[in-house]
Amino acid sequence: MADIAPAGLRYPHDTPPAHGTEAIEVAPGVLWLRMPLPMKLDHVNIYAFDEGDSWTIIDTGFASKKSKAIWAEALAGPLGGRPVSRVVVTHHHPDHIGLAGWFQSEHGAELVTTRTAWLTARMLILDEQKTPAAESLAFYKLSGMDPALLDKRASERPFNFCDIVEPLPLGYTRIKQDDTIQIGGRTWDVHMGNGHAPEHATFWSRDDNLVIAGDQILSSISPNVGVHPTEPMADPIGEWLEACERLAPLAQADHLVLGGHKLPFTGLPKRMEQLIENHHSALKRLLAYIDTPKSASECFSPLFKRKIGEAEYGLALVEAVAHLSHLYQSGLATRTLRAEDGAWVYQSKG
């Protein structure tokens, strides 16, 4: 299906590069590549910045033999045989940091990222679980997960970060809010996003119209904003809205936004309005929907407006929990334990 730009946005390049074997120059000295992902969202965008005798790349894709082979093709082909001297990782999710450690250990690259991204990734790599943690199963039950699916998950080896993320050697270069960084002959201001991932780095060029957005700002989809068993009372929706409202004044109509997925786009002020409004609208729909008590698993229809299959169920569930918990923590809804299945159920006040 074609990726259609939302109203007020424009795609300067409406056809993406082939995975690994092609690159599109989106600005002087800036190449756009793609790496495949084995899921419905089947790609992650990579951006390579010309440093003269080497490249700085933004994000990496999953760690796998296939990904490493594709990177070998990219290095020999579109990247012209020059090495990757630096990897800048926007946030800790596997499709972005997966091969950062490989570039460090095998290619001698410097890793640049936020402290939260590095510490979180390194901790998760070391936390291999053979069976689901009791806390995870309890969280899913409290969220109202379908009992058959809960039983299935309880009997399976869970997803492990180390399955698709290369070990990270000791040592990285930290970036933080209000830093500046030199990439590809440009000076960039560092501004942190939040909600989708904690301390998510975005980069705003002082020298031209480029913005490196990672997953914080995407053109035609909204990134997953979920609550997980690791921090069941987190409020990522509140953090997401705060970050969007803080970043929105930086947006200019001619900014070319280089996102982690989908297509680079212009029309950033309008997109920031849309991202903020989309979540406010979802919260309003949800508040109306919980006029009677409902668990997170019973709230997919007002949030997603489409059928949720097993492949998307986990992401949908943690996002439903996030929206309901935000209403609860904002004082707009109550939360009680339902006796018959032990799930939290939420109801709008008044």
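Buried means under 20% relative accessible area, exposed means over 50%, and partly exposed lies in between (1.4 Å probe, protein chains only). Keep this in mind for the cysteines at the end of the tour.

The model is predicted: local features need pLDDT of at least 70, side-chain atom pairs count only at pLDDT 80 or more, and totals for chains, interfaces and linings use all residues. Residues are numbered from 1 along each chain as its sequence is written, and side-chain values use heavy atoms, with hydrogens and water left out.

Start with the sheet. Seven strands (DSSP E runs of at least two residues, numbered from the N terminus) form an open, mixed sheet in the order β1-β2-β3-β4-β5-β6-β7, where pairing takes at least two DSSP bridges between two strands. Select 24–27 and 173–175: these are β1 and β7, the edge strands, each with a single partner, so one side of each has no neighbour in the sheet. From one strand to the next, the twist averages 30 degrees.

Next, select 43–50 and 55–58. These are β3 and β4, which run antiparallel and are joined by four bridges. Pick F49 to find its bridge partner in β4, T56.

Now add the helices (DSSP H or I runs of at least four residues). Residues 65–76 are α1, lying across β2, β3, β4 and β5, at about 155 degrees to β2. Angles run from 0 to 180 degrees between N-to-C directions of axes, which are lines fitted to C-alpha atoms, for helices over the stretch in contact (heavy atoms within 4.5 Å). Residues 100–107 are α3, which lies across β4, β5 and β6 and runs at about 155 degrees to β5.

Finish with two cysteines. C162 is partly exposed, at 24% relative accessible area, whereas C299 is buried, at 0%.
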